[in-house]
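Reader: I've just opened this one and I'd like some help finding my way around. Could you walk me through it, feature by feature?

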Amino acid sequence: MIKQTLKILSAAVIVMTFLAFLAPLINPALFSWLAFFGTAFPWLLLANLLLLLTWAFRVHRFALYHLGILFFGWQHITGFIGLNFSKDAVPENAITLVTHNLGGIFRGVHLSEAEWAQIYTDYAQFLKKNGNPDILCVQESGRKFWQTVAQKMGYKHSFEIKRGGTAIMSRYPVLRGGQVPFGQPENGSIWADLKVGQRTVRVYNVHLQSNKVTYDTRRVIDDSDIQDKETWRDINKVLHKVGGATGIRAGQAAKLRDLIAACPHPVVLCGDFNDTPTSYVYGVLAEHLTDTFREKGYGFGTTYAGAVPLLRIDYILTGPRLKPYSCKVLRGSASDHYAVAASVGF
């Protein structure tokens with residue numbers, strides 16, 4: 001009985017894993033349900049590994065089935081787990097940058113001025129400890145927060161829009177900037193041209209459409225009974241919101257791809273994509289860009305520490321005229337996202 005149940009479970013996991021591999025190929029505006037399997041890939045990967053070990057212990061052919069599906073989707077695995085064991089020497093003139101969604105610092109927090117002062121100091125020390133970056137791109141930040149951090153970090157140049165808490169701080173002069181024309185986005189996405197030596201580098205700092213399911217997801221995880229009708233209503237609500245948001249992000253990704261293709265300058269694209277590497281949105285954006293984590297990262301690439309674990313949704317991508325030297329996920333800040341740091345050069 002246990003063996004038969006394991007076989008059914010293995011078959012289900014393998015089929016769902018194959019559907020996850022298809023997710024980057026299908027526009028979620030047409031089939032939003034397929035995107036859920038792409039999002040679930042980290043847990044499907046874990047399930048495949050556990051079942052592989054279980055069948056290997058039993059010396060059963062089903063171990064080969066799980067091994068086969070993992071090899072078939074190897075490129076998806078490297079989107080979540082960095083396997084770059086060697087480290088390149090980073091030139092002194094390399095551009096160092098960090099992207100960080102800071103929203104978790106502000107949600108439901110009512111602190112005194114003294115407590116905020118300590119947070120500003122701690123965050124500046126966090127950045128200095130992790131490379132003292134030349135460029136800092138933030139999303140969902142309060143204006144006072146990023147301006148205070150910029151002062152503490154010595155960033156003399158910046159660009160922002162009032163909506164969405166998105167800002168670019170830089171040690172390099174800002175020549176010009178603007179908002180990414182997504183129509184009426186709920187989040188802010190911007191770009192700025194920076195003068196780096198004799199060259200101009202365009203930095204896109206984006207926060208693509210949010211799923212807005214944190215509260216609902218936490219209710220499902222913490223407070224719900226799987227046999228309760230209310231639980232299934234909550235699950236349906238989460239799926240409906242995610243499906244709609246994924247379709248919007250697909251359109252935003254297409255717009256970004258076209259803008260980047262037309263840009264005359266070397267490009268860095270960073271920010272919170274709200275989608276994993278096994279997604280259509282990521283596939284559109286990374287098709288002609290280099291994912292610095294895939295290229296130079298090591299270990300687990302998880303960037304979200306909220307209600308849904310194991311997600312990698314924050315990125316630094318570079319155009320073909322820039323070379324990545326390093327990339328790492330920075331853990332230890334107060335936000336529900338981890339920062340991502342990279343060094344790149346010409």
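Author: Happy to. Let's start with burial: of the 346 residues in the chain, 51% are buried. Keep in mind that this is a predicted model.

Reader: What does the secondary structure of the chain come to?

Author: Twelve helices and 14 strands. As for contacts along the chain, take those with a separation of 6 or more: 69% of them link residues 24 or more positions apart.

Reader: Let's do helices, then. How do I read the angle between H1 and H4?

Author: Compare the two axes, each taken from N to C; angles under 35 degrees count as roughly parallel. Helix H1 (residues 2–22) and helix H4 (residues 62–72) pack at about 10°, and their axes are 10 Å apart. That makes H1 roughly parallel to H4.

Reader: Which residues in H1 and H4 meet?

Author: From H1 you have Lys7, Ser10, Val13, Ile14, Thr17, Phe18 and Phe21, and from H4 there are Phe62, Tyr65, His66, Ile69 and Phe72. Sorted by character, the residues of this contact are eight nonpolar, three polar and one charged.

Reader: I clicked on Gly68. Where is its place?

Author: Gly68 is in helix H4. Its relative accessibility is 35%, so Gly68 counts as partly exposed. Try picking Ile14 too: Gly68 and Ile14 are 54 residues apart along the chain, and their C-alpha atoms are separated by 9.6 Å.

Reader: At what angle do H1 and H2 pack?

Author: At about 110°, with the axes of H1 and helix H2 (residues 32–39) 7 Å apart. Angles of 65 to 115 degrees count as roughly perpendicular. That makes H1 roughly perpendicular to H2. Here Met16, Leu19, Ala20 and Leu22 in H1 meet Leu34, Phe37 and Gly38 in H2. Six of the residues in this contact are nonpolar, one is polar and none is charged.

Reader: And how do the axes of H7 and H8 cross?

Author: At roughly 50°, with the axes of helix H7 (residues 113–129) and helix H8 (residues 143–153) coming within 10 Å. That angle makes H7 oblique to H8. H7 passes H8 in a right-handed crossing. On the H7 side the contact includes Trp116, Tyr120 and Tyr123, while the residues from H8 include Phe145, Val149 and Met153. The contact of H7 with H8 divides into nine nonpolar, two polar and four charged residues.

Reader: Now the strands. Any general idea I should have in mind?

Author: Yes: in a regular strand, side chains alternate between the two faces of the sheet. With that in mind, look at an open sheet of six strands in the order S4-S5-S3-S2-S14-S13, with mixed pairing.

Reader: Which are the edge strands of that sheet?

Author: Strand S4 (157–160) and strand S13 (323–330), since each pairs on one side only. On average, neighbouring strands of this sheet are turned by 15° against each other, direction ignored. Further in, strand S3 (residues 135–139) and strand S5 (residues 167–170) pair in the antiparallel sense over four bridges. To find the register, look for Val138, which stands opposite Ala167 in S5.

Reader: What is the order of the other open sheet of six strands?

Author: S6-S7-S8-S9-S12-S10, again with mixed pairing. Its edge strands are strand S6 (174–179) and strand S10 (290–291). Strand S9 (residues 267–272) pairs antiparallel with strand S12 (residues 314–318) over five bridges, and Leu269 has Leu317 as its bridge partner in S12.

Reader: Why is S7 described as largely enclosed?

Author: Because six of the seven residues of strand S7 (residues 190–196) are buried, it is largely enclosed by the rest of the structure. S7 pairs antiparallel with S6 over five bridges. Seven bridges join S7 to strand S8 (residues 199–207), again antiparallel. Ala192 is a handy landmark: it is the bridge partner of Gly177 and stands opposite Val203 in S8.

Reader: How many residues are between the strands in the hairpin of S7 and S8?

Author: Two, and Gly197 in this hairpin takes a positive phi near 65°.

Methods: Residues numbered from 1 in each chain as written. Predicted model: local features only at pLDDT ≥ 70, side-chain atom pairs only at ≥ 80, totals over all residues. Heavy atoms only, no water. Axes fitted to C-alpha atoms, helices over the stretch in contact; angles between N-to-C directions. Parallel < 35°, antiparallel > 145°, perpendicular 65-115°, else oblique. Left-handed = near helix turned anticlockwise from the far one by under 90°. Contact = heavy atoms within 4.5 Å. Nonpolar A, V, L, I, M, F, W, Y, C, P; charged D, E, K, R; others polar. Pairing = 2+ DSSP bridges. Buried < 20%, exposed > 50% of the residue type's maximum accessible area, 1.4 Å probe, protein only.
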